[in-house]
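Q: Could we go through the ligand site and the internal spaces of this structure? I would like to start with the ligand.

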Amino acid sequence: MSNVAEIFKSMDYGPAPEGAGPAKEWLAKHDAKFGVFIDGHWAKPKDGRWFPTSNPATGEPLAELLDADEGLVDQAVAAAGRAQPGWAALGGHGRARYLYAIARAIQRHSRLFATLETLDNGKPIRETRDIDIPLVARHFYHHVGWAQLCDTELSDFAPVGVVGQVIPWNFPLLMMAWKVAPALAAGNTIVIKPAEFTSLTALLFAEVCEQAGLPKGVLNVLTGEGKTGAAIVGHADVDKVAFTGSTEVGRIIRKQTAGQAKHLTLELGGKSPFIIFNDADLDSAVEGVVNAIWFNQGQVCCAGSRLLVQEDIAEVVIQKLRARMETLRIGNPLDKCIDMGTLVDPVQHQAVSTLVQQGVDEGATLWQPSWACPTEGCFYPPSLFTDVQPASTIAQEEIFGPVLVSMTFRTPDEAVALANNTKYGLAASVWSESVNLVLDLAPRIKAGVVWVNCTNQFDAACGFGGYRESGFGREGGIEGMTAYLEPAFIADLPQYEVDEAPPPRAGAATEQGGGLPTIDRTPKMYIGGKQSRPDGGYSRPVLSPSGTVVGEVAEGNRKDIRNAVEAAAKASGWGSTAAHTRAQILYFTAENLAARGSEFADRLVAMTGCSRAEAQREVDASVERLFTYGAWADKYDGSVHSPPSRQVAIAMNEAVGVIAVACPDESPLLSFISLVAPAIAMGNRIVVIPSERWPLSATDLYQVFDTSDVPGGVVNIVTGERDALAKVLAEHDQVEAFWYVGPKAGSEMVERLSAGNMKRTWVNNGKKRDWMDKTHGEGREYLRHAVQVKNVWVPYGE
Ligand code: NDP
């Protein structure tokens, strides 16, 4: 007879499969053939094309899905358009009641959702049951609250209208919840396309909404392939696009929507670092790695797929990790005792295998556990690469599978440099027992989420989203809500008239006084805190409305822009300058501008032909606006969220980095200040193109900035032809965001060209603000664009 210790060692897991019966019955009830959900009805056109969806663990066909064509996209968008005013008019409480009904229904049907998701996707039932579906319900409950508070807390906003949403296959229902809940709470209506591999839970969700009595047309669900997604994204009557998926498709969408005045949020790929310091609790960290890269078979946008270990503990960590990998269980996803299920599709299996082979070919060492991985179905074993070069393909590309690449570092600085050595910036996980160390590192890592001594934590109250090529926008929390709203005044703004600014005419008489010419003052560029001559050696005249030349400014070119961006990039210390100091500098700038107020007013009169009183008002408003952002500099703080787990999530408002700003012609001093001041108040460095027609108010500010202690490189000014210079800035990979105010064509150009490095854009789509009006010209709207929110999750307790 064996003793307890022997039993403990020899004991094996028995099979514990979840019954697929109810999910199969649900499929059978629909004859395993689904239409699409439009305007509260299930459309099954006779001439439709259907495609199969199958269980990736077995290859067994599950159902046939309709490939929605453009005609159906039109119908769905039209239905959403008709339903939107009524849905918004229901008011916050009315919408909250529907969201509450949906949240309750998800809980009632949670096991059916979990089983169906596992059948369709291949992820373990343990995850769908304990993570995906509870988070879906949590997301709806959280947004019941936002709907309820909309009318009071967000009363200055309006819904954006009809929202087109395209989601991936890795968390099918969860991604749907992340998109649907805030959109509905805010008063929008929806056309959503799930991924072709995993549409079933979206269809069950539509049925649940139908049963909950959601008004017709508020939610429309279209199955289909990529081209269905493209038709939704490009539809003229879609007002906002929200996408989660690959950076490649995100880039296509950025270009496709350019100039369509569509709001856009993109949640894209990642190659997130998982950093272990030598003072970390190594056993916990190893368990963290399991969660980071083998959760959902590594098919997670924020997977901790790059392991960075401090050199002196690398060997022991790798040993522990290999030992742990030997105990991972892979198998039937419906079995409650397995750790890993299957990849989503043979296509994905092939993609992962190809990248792993590339890693081996490039010289890295591959290690996989000794147990046999199932050969039927899309199973892929947990895999670990060592001897990885930081620049190699497997260290840079998103593998999107259960493959971990490991590298070492010596110092915290080296860890930060390695962590940031990627085009992505979605998440990071940092393991150390030193609170000082992790809180020093968190702000230095370019990522939207940093998990301290934990990983893959999500909550509806905490915004989630990326930096850099991981996309822009946040899902969850107040940031997620504002992504589905726009300031109410914007809908009523007038459009710029075409050709509003006639090109300057050269050759008119210059101002003269007392028979002698005035002492020539030709402003140069303002780059890195110095006045520098234009590279091209050309100047352009600045004309008054009557055609008099009131001055000349430098004609900036591509080289000047590059120099300015370089200077801005170098001035990175501004972001970590104390907010108090930034506030003081803004107040001091206001003080120095006020001291020279009458000179600035004279300039405005001479350039624009406005009255003296109007000019003085513009100067006074500019001084006041500088005060406003001096005030905000140390007040637009982040917040601390309390997710349901024993953690706090510190939501920090971080500077975006280098922002390009193109200013309009009207109110040339005030519009310049209105755009520059919020950006620098929040710690950004900027390259700004002042009014093309009347740039002298901006060039007169060089001395004001100099005497106000604005550090060199924080504000860089390049004068010249706005759209030619804007093009260079939009294409520049070191520019992280672009604010463009000008005619409509410029907005299109900036959005399209920004797709290169996926910079965040804020454009006016040809709409004209009244800069004297504080609602249009200042406040939180500007500050929101001047920051990106980073959530730092910190656990507490032993
Ligand atoms: P995609 O980005 O292609 O797909 C995401 C969604 O977009 C799907 O619904 C897809 O439809 C749809 N889609 C595809 N093309 C377009 C288009 N031109 N316009 C609008 N919608 C479109 O991801 P894949 O599923 O092809 O996966 C490829 C790779 O992307 C993965 O290996 C992984 O690296 C990455 N990925 C990253 C995710 C993330 O969360 N960061 C999520 C999923 C994938 P359909 O399903 O019919 O193709």
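A: The discussion below takes the ligand, its pocket and then the cavities; please note that the model is predicted.

Q: Where does the ligand sit?
A: The ligand sits in the second largest pocket.

Q: How many residues surround the ligand, and which are the closest?
A: The ligand is surrounded by 25 residues. The closest are I167, W169, E196, S246 and Q348.

Q: What does an oxygen atom of the ligand find at I167?
A: At I167 the partner is a polar backbone atom, and the distance to a ligand oxygen is 2.8 Å.

Q: And at E196, what is the partner there?
A: For E196 the partner is an N or O atom in the side chain, 2.7 Å from an oxygen atom of the ligand. G224 also takes part: one of its polar backbone atoms is 3.4 Å from a ligand oxygen.

Q: How much of the ligand's accessible area does the protein cover?
A: On its own the ligand has 850 Å² of accessible area, and the protein covers 84% of that.

Q: Which elements supply at least two residues of the shell?
A: Those are α9 (226-234) and β10 (240-244). The element that gives the most is α9, with three residues.

Q: How does the shell divide by class?
A: The shell around the ligand has twelve nonpolar residues, nine polar ones and four charged ones.

Q: Turning to the pocket itself, how much space lies in it?
A: The second largest pocket holds about 1,000 Å³ of space. It is lined by 40 residues, and those closest to its centre are W169, F243, G245, S246 and V249.

Q: Which elements give two or more residues to that lining?
A: They are α9, β10, α10 (247-256) and α13 (346-361). The largest share comes from α10, which provides seven residues.

Q: What about the classes in the pocket lining?
A: In the lining of the second largest pocket, 20 residues are nonpolar, ten are polar and ten are charged.

Q: Let us change topic to the cavities. How many of 30 Å³ or more are found?
A: A search of the whole structure finds eight cavities of that volume or more.

Q: How much space lies in the largest cavity, and which residues line it?
A: About 90 Å³ of space lies in the largest cavity. Its lining consists of L675, W739, Y740, V741, W762, V763, N764, R769, W771 and Y782. Two or more of the lining residues come from each of β32 (737-740) and β33 (760-763).

Q: How do the residues of that lining divide by class?
A: For the largest cavity, eight lining residues are nonpolar, one is polar and one is charged.

Q: And the second largest cavity, how much space is in that one?
A: The second largest cavity contains about 80 Å³ of space. Of the 14 residues that line this cavity, A303, S305, E398, I399 and F400 are the closest to its centre.

Q: What classes make up its lining?
A: The lining of the second largest cavity has seven nonpolar, five polar and two charged residues.

Notes. Residues are numbered from 1 along each chain as its sequence is written. This is a predicted model: local features need pLDDT of at least 70, side-chain atom pairs count only at pLDDT 80 or more; totals for chains, interfaces and linings use all residues. Side-chain values use heavy atoms; hydrogens and water are left out. On a 1 Å grid over the protein atoms alone, a cavity is a set of points where a 1.4 Å probe fits but cannot get out, and a pocket is an open set with protein on both sides within 12 Å along at least five of seven lines; lining residues have an atom within 4 Å of a point. Grid points are joined across faces, edges and corners, and a volume is the space filled by probe spheres set on the points. Helices (H or I, at least four residues) and strands (E, at least two) are DSSP runs, numbered from the N terminus. Ala, Val, Leu, Ile, Met, Phe, Trp, Tyr, Cys and Pro count as nonpolar, Asp, Glu, Lys and Arg as charged, and the others, Gly among them, as polar. A residue is near a molecule or strand if one of its heavy atoms lies within 4 Å of it. A polar contact is a pair of N or O atoms within 3.5 Å; within protein, one must be able to donate a hydrogen and the other to accept it, and residues adjacent in sequence count only if both atoms are side-chain atoms. Accessible areas come from the Shrake-Rupley method with a 1.4 Å probe; for residues, only the protein chains shown count as cover. A molecule sits in a cavity or pocket if more than half of its atoms lie within 2 Å of its grid points.
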